[in-house]
Amino acid sequence: MAAIYKRELKSYFQCMTGYVFIAFLVLFVGIYFMAYNLMSGYPYFSYTLSGMVTIVMIGIPVLTMRSFADDRKTKTDQLLLTAPVSVPKMVLAKYLSMVTVFAVPVLISCLCPLIIKMNGTAYLKADYASILAFFLLGCVYIAIGMFISSTTESQIIAAVGTFGVILLLLLWPSLVNFLPTSASGSLVGFLLLWTLCVVILHRVTSHNLLAIVLEAAGVVALVGAYVAKKSMFDRAFVTLVEKIAVTDVFQNFASNYIFDAGGLIYYVSIIFLLVFLTVQSVEKRRWS
């Protein structure tokens, strides 16, 4: 695992991707930091981090697009799959190498609250808690990009797909307002969500019978619950999707100055889920 981690980490700097990614993020951290904290006098570094959430949406797809797609295209993934390392360790090594690259600009940004402190009032606890939340949010985005890269041979498709998913997550709190709140609308929403989950599972496992059984069981269960107690579905779908907005956790740190421990656990849970799905996707490739 350590050998694969070193190989992947080294590759990001041999092809300049790592240098460009780090320089890109540090540049915009500096721009936002100067505009918000130094020029405008805001004492919280979280203002800068809030602006960086949009910039990360552009940088992360560039970092993750080649993680598996390039190996699949060049067929070098066969060497990894036949190496004396388990697939989970191989996936984890690749993931940790990308997290390490992302950690460099995050660590550099840790100097900014100290600069604020040297020039006036600073709130170090709130700022460093916000940096932690920002780092874990970036780790979630990296896990998303890695999973998408594992499903395709095209780096462009992986990058565009990752960008689209991250953009959707950023816009999610606003998009929720357009969802239906009626019981029938909630039923349709749950059916579509369940179908999406089954499609992802089928994409990862290629198990047709399992997908059909799960889809049928889900439809029967949801329709049965709707017929038995229709009132239970009022606003149920909207309430559910509101809770999966990943950016809300970061905003609790950056805007509300609340240390959301449950939100951090939520981020870690998403990361574990996406790493698991990536492992299954690679395993599928191994036996296909």
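**Exercise 1. Decide whether V20 is buried or exposed, and place it in the structure.**

Solution. V20 has a relative accessible area of 51%, and the cut-off for exposed is over 50%, so V20 counts as exposed. As the next step, find its element: V20 is found in helix α2. Finally, relate V20 to a residue elsewhere in the chain: L63 is 43 residues away along the chain, and the C-alpha atoms of V20 and L63 are separated by 9.5 Å. The model in which these values were computed is a predicted one.

**Exercise 2. Work out which elements contribute to the nonpolar patch on the surface, and which of them gives the most.**

Solution. Begin with the members: the patch is formed by V26, M34, L38, M39, V104, I108, L111, L114 and I115, which together have about 770 Å² of accessible area. The elements that supply two or more residues to this patch are α2 (17–39), α6 (87–109) and α7 (111–119). Of the contributors, α2 gives the most, with four residues. One member can then be examined in detail: M34 lies in helix α2, and because its relative accessibility is 46%, M34 counts as partly exposed.

**Exercise 3. Trace the salt bridges of the structure and state which residues they join into one network.**

Solution. A search of the whole structure finds two salt bridges. In one of them, the side chains of R7 and E8 meet, with an N to O distance of 2.3 Å. E8 also forms a salt bridge with K94, where the closest N and O atoms are 3.0 Å apart. This second pair links distant parts of the chain, since E8 belongs to helix α1 (residues 2–14) and K94 to helix α6, 86 residues apart. Because the two salt bridges share a partner, R7, E8 and K94 are joined into one network. As for the surroundings, both E8 and K94 are buried, E8 having a relative accessibility of 4%, whereas R7 is partly exposed, with a relative accessible area of 40%.

**Exercise 4. Describe helix α3 by its length, its bend and its burial.**

Solution. Helix α3 covers residues 46–64 and has 19 residues, and the distance from its first C-alpha to its last is 25 Å, close to the 27 Å expected at 1.5 Å a residue. The course of α3 includes a kink of about 40°, centred on I55. To judge burial, count the residues that fall under 20% relative accessible area: 14 of the 19 residues of α3 are buried, so the helix is largely enclosed by the rest of the structure.

**Exercise 5. Determine where the buried residues of helix α13 lie around its axis.**

Solution. Helix α13 consists of residues 246–254, and its buried residues include V246, T247, V249, F250, F253 and A254. These six positions cover an arc of only 150° around the axis, and they therefore lie on the same side of α13. The general background is that an α-helix has 3.6 residues a turn, so residues three or four places apart point the same way.

**Exercise 6. Classify Q155 by accessibility and give its separation from L273.**

Solution. Q155 is placed in helix α9 (residues 155–175). Its relative accessible area is 24%, so Q155 is partly exposed. Along the chain, Q155 and L273 are 118 residues apart, and their C-alpha atoms are separated by 22 Å.

Terms used. Residues numbered from 1 in each chain as written. Predicted model: local features only at pLDDT ≥ 70, side-chain atom pairs only at ≥ 80, totals over all residues. Heavy atoms only, no water. Expected span 1.5 Å × (residues − 1). Bend = angle between axes of the 7 residues up to and from the residue. Buried < 20%, exposed > 50% of the residue type's maximum accessible area, 1.4 Å probe, protein only. Patch = residues over 30% accessible without salt bridge, like charges linked within 9 Å, V, L, I, M, F, W, Y side chains within 5 Å. Areas by Shrake-Rupley, 256 points an atom, 1.4 Å probe, with all protein chains shown as cover. Salt bridge = Lys/Arg side-chain N within 4 Å of Asp/Glu carboxyl O. Arc of directions from axis to C-beta.
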